Amino acid sequence: MNSSRAPVQILVISLERSIERRERVKEQLNKISIQWDFLNAVDGYALPKMPASYDCVKVKRLQGYELTPGEVGCFLSHIKAWEACIAAQRPTLVFEDDFILCSNFEAVLLDLLEIPNEWDLVRLSGIYKTKDSLLVQRGLYDLVQNLGDPCGTACYLLNPQAAQVLINNASNIYQPVDHYLEHFKKHHLACLAAKPYPVELAQSKSTITDRPGRAPIKGYQKLLRSIYRLIDRKMSPSPWFPKD
């Protein structure tokens with residue numbers, strides 16, 4: 001679809017081979033009047049090797065395990081979306097291909113576009129409920145700052161300036177992309193949220209990222225991870241943000 005005249009660029013990250021998921025996306029986005037496009041996702045399992053930006057040593061120390069190829073591919077896919085935002089030089093709404101639009105979705109999106117000075121990066125979905133701090137009260141939603149990490153990257157809105165900042169600080173990948181969006185000490189971007197979220201998760205199995213059979217970190221490994229995180233918080237200019 002040609003989205004050159006739309007007030008916002010809408011991109012849906014999806015593996016080119018995910019035909020059924022793409023059909024479900026079409027069913028959802030045919031409900032709105034704004035044009036949109038698929039953005040072919042990076043298949044992490046098809047990569048000949050991990051990118052030079054992937055810091056496997058830091059990942060193991062701070063998470064206790066490596067990111068899966070799917071998680072790395074997911075991060076690279078979002079970098080493609082940020083690059084597209086910069087190329088278009090306009091606000092960009094980024095979806096993953098596993099979402100359900102609420103009835104007020106388009107109205108919320110258009111209202112956000114009316115107040116561009118209030119945000120750089122806004123979540124329109126989240127996996128977990130979090131406490132928040134009210135910033136701007138609108139008729140259909142509240143623009144808030146989450147006080148915890150809701151996780152997930154099913155849908156968010158960003159401007160080209162924010163996209164450039166995210167790219168500039170993604171030279172070393174050591175966390176899933178949803179954590180990265182919330183990592184203020186890493187990129188100093190406030191990731192705001194429009195609540196109640198106008199986009200819900202479809203809860204289908206992910207084809208971009210995956211965490212198969214990942215057991216919780218326990219015992220000595222968990223203690224060692226906590227030590228590494230403590231050292232990182234004390235010594236790093238962009239410390240690991242979650243607390244144990």
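The legends below walk through close-up views of one predicted model.

**View 1. The open sheet, strand by strand.** Eight strands make up an open sheet, and its pairing is mixed. Reading across it, the order is β2-β1-β3-β8-β5-β9-β7-β6. At the edges stand β2 and β6 (132-137), each with a single partner strand, so one side of each has no neighbour in the sheet. From one strand to the next, the twist averages 30°.

**View 2. Strands β1 and β2 with the helix that connects them.** Here we zoom in on one end of the strand order. Strand β1 (residues 9-14) runs parallel to β2, and four bridges join the two. If you would like a residue pair to find your bearings, Val12 stands opposite Phe38 in β2. Between the two strands the chain passes through helix α1 (residues 19-29), giving a β-α-β crossover that is right-handed.

**View 3. The two faces of strand β2.** In a regular strand, side chains alternate between the two faces of the sheet. Which residues of β2 (residues 37-40) sit on its covered face, and which on its uncovered one? Asp37 and Leu39 are on the covered face, while Phe38 and Asn40 are on the uncovered face.

**View 4. Strands β3 and β8, and helix α1 on the sheet.** Strand β3 (residues 92-96) pairs with strand β8 (residues 155-158) in the antiparallel sense, over four bridges. Within this pairing, Leu93 has Leu157 of β8 as its bridge partner. Helix α1 packs on the sheet, where it touches β1, β2 and β3. The direction of α1 makes about 150° with that of β2.

**View 5. Phenylalanine rings around Phe95.** A pair of aromatic rings is described by the distance of the centres and the angle of the planes. The structure holds six aromatic pairs, and this view shows Phe95 with two ring partners. Phe95 and Phe99 are stacked, at 4.2 Å centre to centre with 25° between the planes. Phe95 counts as buried at 0% relative accessibility, and Phe99 counts as buried too, at 5%. How is the pair of Phe95 and Phe105 arranged? Their ring centres are 5.9 Å apart and their planes are at 50°, so this pair is tilted. Because Phe95 belongs to strand β3 and Phe105 to helix α4 (residues 105-114), the contact ties together parts that are 10 residues apart in sequence. Both Phe95 and Phe105 are buried.

**View 6. A cluster of aromatic rings.** Phe75, Trp82 and Tyr180 are linked into a cluster by ring pairs.

**View 7. Cysteines without a bond.** The disulfide count for this model comes to zero. What keeps Cys155 from forming a bond? Its closest cysteine sulfur, in Cys102, is 10 Å away, which is too far. For Cys191, the closest cysteine sulfur belongs to Cys151 at 11 Å, again too far for a bond. Cys155 counts as buried, with 1% relative accessibility, and Cys191 counts as buried at 2%.

**View 8. The loop residue Gln89 and its distant sequence partner.** Gln89 lies in the loop between α3 (69-88) and β3. Is Gln89 buried or exposed? With a relative accessible area of 52%, Gln89 is exposed, because the cut-off for that class is over 50%. Gln89 and Pro160 are 71 residues apart in sequence, yet their C-alpha atoms are 5.7 Å apart in space.

Definitions and conventions:
Residues are numbered from 1 along each chain as its sequence is written. This is a predicted model: local features need pLDDT of at least 70, side-chain atom pairs count only at pLDDT 80 or more; totals for chains, interfaces and linings use all residues. Side-chain values use heavy atoms; hydrogens and water are left out. Buried means under 20% relative accessible area, exposed over 50%, partly exposed in between (1.4 Å probe, protein chains only). Two strands pair if DSSP finds at least two bridges between them. A crossover is right-handed if, with the strands pointing away from the viewer, the path from the first strand over the helix to the second runs clockwise. Axes are lines fitted to C-alpha atoms, for helices over the stretch in contact, and angles run from 0 to 180 degrees between N-to-C directions. Contact means heavy atoms within 4.5 Å. A disulfide is a pair of cysteine sulfur atoms within 2.5 Å. Rings of Phe, Tyr and Trp (its six-membered ring) pair if their centres lie within 6.5 Å; planes under 30 degrees apart count as stacked, over 60 as edge-to-face and the rest as tilted.
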